[in-house]
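Reader: I have a new model open on my screen and would enjoy a guided look at it. Could we go through it together, one question at a time?

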Amino acid sequence: MNIALIAHDRKKETLINFVIAYQHIFAKANLYATGTTGLRIQEASGLPVTRFLSGPLGGDQQIGALIAEDRMDLVLFFRDPLMSQPHEPDILALLRLCDVHEIPVATNMGTAEVLVKALDRGDFAWREARKQG
């Protein structure tokens, strides 16, 4: 299971605490993250994370490329809805790719918790079946 972890600056701490709380689930997955978010998750949790560029420098697009290649199974993108983002077009493109390729995506902790608990129950088996054709 490949999981992308992305967070805006004011949501990074929330995502880090979320990963720590569900570390036993995330430890079974391949984790991918944008720059600083990935580094901070690695440092706080000890989990291995494949890191890309910072979101505004192209990290969102690098993760989007994995989505387009059907190499991502879940995206957790803790967005800050109260702060304007200079790379908003990249963010919207990433979310659009999730919709096009039917990749579950959570933009807040409430939805992320539902998806991660479903992952732990085995509810994502459909992703493996889809990949196998």
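Reader: Happy to start with a single residue. Is T50 buried, partly exposed or exposed?

Author: Bear in mind that this is a predicted model. T50 sits in strand β3, residues 49–51. Its relative accessibility is 38%, and buried would require under 20% while exposed would require over 50%, so T50 counts as partly exposed.

Reader: Which residues is T50 in contact with, leaving aside neighbours within four places in sequence?

Author: The strand β3 is where to look, since T50 has its place there. Once the neighbours within four places in sequence are set aside, the contacts of T50 are L31, Y32 and A33.

Reader: And how far apart in space are T50 and G110?

Author: In sequence, 60 residues separate T50 and G110. In space, C-alpha to C-alpha, the separation of T50 and G110 is 25 Å.

Reader: Let's turn to T34. Is T34 buried or exposed?

Author: T34 lies in the loop between β2 (30–33) and α3 (35–45). Leaving aside neighbours within four places in sequence, T34 is in contact with L5, I6, F52, L53, S54, G55, G59, D60 and I63. The relative accessibility of T34 is 4%, and the cut-off is under 20%, so T34 counts as buried.

Reader: Now the helices. What span should α5 have, and how far apart are its end C-alpha atoms?

Author: Helix α5 covers residues 88–100, which is 13 residues. At 1.5 Å a residue, α5 should span 18 Å, and this agrees with the distance between its end C-alpha atoms, 18 Å.

Reader: Within what arc do the buried residues of α5 fall?

Author: The buried residues of α5 are D90, I91, L94, L95, L97 and C98. Seen down the axis of α5, these buried residues line one face of the helix, because they fall within an arc of 155°.

Reader: Which residues are exposed on the other side of α5?

Author: The buried residues of α5 pack against β1 (2–7), α4 (59–68), β4 (74–78) and β5 (105–106). On the other side of α5, the exposed residues are P89, R96, D99 and V100.

Reader: How are α4 and α5 oriented to each other?

Author: The axes of α4 and α5 are 9 Å apart, and the helices pack at an angle of about 15°. The contact is made by D60, Q61, I63, G64, I67 and A68 of α4 with D90, I91, L94, L97 and C98 of α5. The crossing of α4 past α5 is left-handed. An angle under 35 degrees counts as roughly parallel, so α4 and α5 are roughly parallel.

Reader: How are α1 and α3 oriented to each other?

Author: Helix α1 (residues 12–21) packs with α3 at an angle of about 40°, with the axes 10 Å apart. K12, E13, L15, I16, V19 and I20 in α1 meet T36, T37, R40, I41, A44 and S45 in α3. α1 passes α3 in a right-handed crossing. Given that angle, α1 and α3 are therefore oblique.

Reader: One last topic, the backbone. What is the phi of D70?

Author: D70 has its place in the loop between α4 and β4. With a relative accessible area of 24%, D70 is partly exposed. Most residues other than glycine have a negative phi. D70 is not a glycine, yet its phi is positive, about 60°.

Reader: Which residue with a positive phi follows α5?

Author: The place to look is the loop between α5 and β5. The residue there has a phi near 55°, a positive value in a residue other than glycine. The residue that follows α5 is E102.

Technical notes. Residues are numbered from 1 along each chain as its sequence is written. This is a predicted model: local features need pLDDT of at least 70, side-chain atom pairs count only at pLDDT 80 or more; totals for chains, interfaces and linings use all residues. Side-chain values use heavy atoms; hydrogens and water are left out. Helices (H or I, at least four residues) and strands (E, at least two) are DSSP runs, numbered from the N terminus. The expected span of a helix is 1.5 Å times one less than its number of residues. Buried means under 20% relative accessible area, exposed over 50%, partly exposed in between (1.4 Å probe, protein chains only). The arc is that of the directions from the helix axis to the C-beta atoms. Contact means heavy atoms within 4.5 Å. Axes are lines fitted to C-alpha atoms, for helices over the stretch in contact, and angles run from 0 to 180 degrees between N-to-C directions. Angles under 35 degrees count as roughly parallel, over 145 as roughly antiparallel, 65 to 115 as roughly perpendicular and the rest as oblique. A crossing is left-handed if the near helix is turned anticlockwise from the far one by less than a right angle, and right-handed if clockwise.
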